[in-house]
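Me: I have a structure open here and would love a close look at a single part of it. Could you walk me through that part and how it fits with its surroundings?

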Amino acid sequence: MRRHEPTRHPPVPRRLDTVTVQRPRCPFCGGVRLVKYRSIADQGDGSALAWVRCANAECGRRFRLLAE
Ligand SMILES: [Zn+2]
């Protein structure tokens, strides 16, 4: 009876680099709950632009958000 060969995976690097992406914050109150109401997913160079409103009821300021 033939034994089934275990699936071979490509070697995994021992350590992967970690890239930390900070969540966008409201520049007025520092809140992280933002409501996007308009966006351009890709401006042609891979960056994304969004118009957001701070969800903090005491703030509610609007600003643009650029994700490079
Ligand atoms: Zn705010």
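How many of the seven residues of strand 1 (residues 34-40) are buried, and does that place the strand in the open or not?

Reply: Happy to take a look with you! One thing to keep in mind from the start is that this is a predicted model.

To your question: strand 1, which covers residues 34-40, has seven residues, and the number of them that are buried is zero, so the strand lies largely in the open. Buried here requires 20 or more other C-beta atoms within 10 Å of a residue's own. For the chain as a whole, 3% of the 68 residues count as buried.

Now for the setting. The chain contains three strands and zero helices, so to speak of its elements from the N terminus on is to read β-β-β. The three strands form an open sheet in the order 1-2-3, and their pairing is antiparallel. Strand 1 is one of the edge strands, together with strand 3 (62-67), and each of these pairs on one side only. On average, neighbouring strands of the sheet are turned by 30° against each other, with direction ignored. As a general point, strands of a sheet pair through backbone hydrogen bonds, in either a parallel or an antiparallel way.

The partner of strand 1 is strand 2 (residues 48-54): the two run antiparallel and are joined by six bridges. If you would like a residue pair to look for on screen, try Arg38, whose bridge partner in strand 2 is Trp51.

From strand 2 you can step across to strand 3. Six bridges join these two strands, which also run antiparallel. Here Arg53 stands opposite Arg62, a residue of strand 3.

Strand 3 also holds Leu65, a good place to end the tour. Leu65 has 15 C-beta neighbours inside 10 Å and therefore counts as partly exposed. Leaving aside its neighbours within four places in sequence, Leu65 is in contact with Ala50, Val52 and Pro24. Cys26 is another residue to check against Leu65: the two are 39 residues apart along the chain, and their C-alpha atoms are separated by 9.5 Å.

For a view of the whole chain, consider the contacts with a separation of 6 or more: 25% of them are between residues 24 or more positions apart.

To return to your strand: strand 1 sits at an edge of the sheet, is joined to strand 2 by six bridges, and has zero buried residues among its seven.

How values were computed
Residues numbered from 1 in each chain as written. Predicted model: local features only at pLDDT ≥ 70, side-chain atom pairs only at ≥ 80, totals over all residues. Buried ≥ 20, exposed ≤ 12 C-beta atoms within 10 Å, placed from the backbone. Helix = DSSP H or I, 4+ residues; strand = E, 2+ residues; numbered from the N terminus. Pairing = 2+ DSSP bridges. Axes fitted to C-alpha atoms, helices over the stretch in contact; angles between N-to-C directions. Contact = placed C-beta atoms within 7 Å.
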